Amino acid sequence: MATRLVDWKREKECDVYLASKPSPGRPTCPGGQSAGLGVNADLLADAGGTARWVERLGPGTVVLRGFAGETAAAIWAAVGRLTKLAPFRQMQTPGGFRMSVAMSNCGEVGWVTDPAGYRYAERDPDSGRPWPAMPELFRQLAATAASAAGFADFVPDACLINRYAVGARMSRHQDRDERDLTQPIVSLSLGLPAVFLFGGGQRSDAAVRVTLTHGDVVVWGGPDRLRYHGVLAIKPGEHPLLGACRVNLTFRKAR
Ligand code: MD3
Ligand code: FE
């Protein structure tokens, strides 16, 4: 199914298109055949058994609510194994600040930052070893989500794993260290909810706030690939699986 943009309202008009918003020509009742959002409904339905729906945030961005379903717990278990091999660490920005988010990676390359700059590296700078291999489950979830969002044949080679303690945040930035910016990025949120800021092509553009919760997947690419985005400070809470913590995985094609 091709991406349909007819109902897309531009961010400048201060409106994010929501799947639940009724509009002429779209089924508004349960059982409607099409969400009208250009998302592959079969892939969405096949991914698991929990309730899920779709929100389109831009021409190239969808939030697949609850997409990970039962798989979220298995992915969290895998994160535990991976971060025994490559422990979470708070990296330094090129400006010399320590990030509040602790990070690790798996895959052929991993995203790192230090006073020398941002880059993808084949080895964990803390251990000198290659990053742990990306589990097949991760690759599958990322590819299925990308495909549901209209990005065929997504094969990530890097997975950045972000751990947010209560109070941790991520300031507004673009993801532009990947070689092929025609490739999308897929993000999976686990644990405590986060308010995500979805901005525009300029840092100063107004941002829309979107809450991401356990199991939510965001896919962004195409015209939205270089939009500024950030995460507000995580509020105190306890998640049944992760405790007082949020983890976000971003699947990327870096090289
Ligand atoms: C970007 N991570 O690691 S991912 C990052 O929740 C990063 O840890 C955040 O930004 C996190 O680089 C956000 C979710 C996301 C969702 C929609 C986007 C990022 C987006 C739309 C456009 C650009
Ligand atoms: Fe980012």
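**Notebook: ligand 1, a four-stranded sheet and two residues**

I began with ligand 1: 17 residues surround it, and S187, V218, W220, H229 and N248 come nearest among them. I then checked which elements give two or more residues to this shell, and found β6 (158-165), β9, β11 (217-220), β12 (229-231) and β13 (245-252). Strand β9 gives the largest share, three residues. Sorted by class, the shell around ligand 1 holds eight nonpolar, six polar and three charged residues.

I noted that this is a predicted model, so I looked up the confidence. The average pLDDT of the protein is 87, and 82% of the residues score at least 70. Residues 1-35 have a pLDDT below 50, and this stretch has 35 contacts in the model beyond near neighbours in sequence. I left that stretch aside.

Next I looked at a sheet. I recalled that strands of a sheet pair through backbone hydrogen bonds, either parallel or antiparallel. Here I found an open sheet of four strands in the order β7-β12-β9-β10, and the pairing is antiparallel. Its edge strands are β7 (170-173) and β10 (208-212), each of which pairs on one side only. From one strand to the next, the twist averages 20 degrees.

I took one pair of strands from this sheet. Strand β9 (residues 194-198) runs antiparallel to β10, and five bridges join the two. I followed L197 across to β10, where its bridge partner is R209.

I went back to H229, one of the residues that come nearest to ligand 1. H229 sits in strand β12. Is H229 buried or exposed? I counted 22 other C-beta atoms within 10 Å of H229, and 20 or more make a residue buried, so H229 is buried. I listed its contacts, leaving out residues up to four places away in sequence: H229 touches R172, F196, L197, F198 and G199. L197 appears again here: H229 and L197 are 32 residues apart in sequence, yet their C-alpha atoms are 5.3 Å apart in space.

Last, I looked at D153, which lies in the loop between α3 (136-148) and β6. Its phi is near 60 degrees, a positive value in a residue other than glycine. Why does D153 count as exposed? D153 has 8 other C-beta atoms within 10 Å, and the cut-off for exposed is 12 or fewer, so D153 is exposed.

I closed the entry with the two residues side by side: H229 is buried, whereas D153 is exposed.

How values were computed. Residues numbered from 1 in each chain as written. Chains lettered and ligands numbered in written order. Predicted model: local features only at pLDDT ≥ 70, side-chain atom pairs only at ≥ 80, totals over all residues. Pairing = 2+ DSSP bridges. Axes fitted to C-alpha atoms, helices over the stretch in contact; angles between N-to-C directions. Near = placed C-beta within 6 Å. Nonpolar A, V, L, I, M, F, W, Y, C, P; charged D, E, K, R; others polar. Contact = placed C-beta atoms within 7 Å. pLDDT = per-residue confidence, 0-100.
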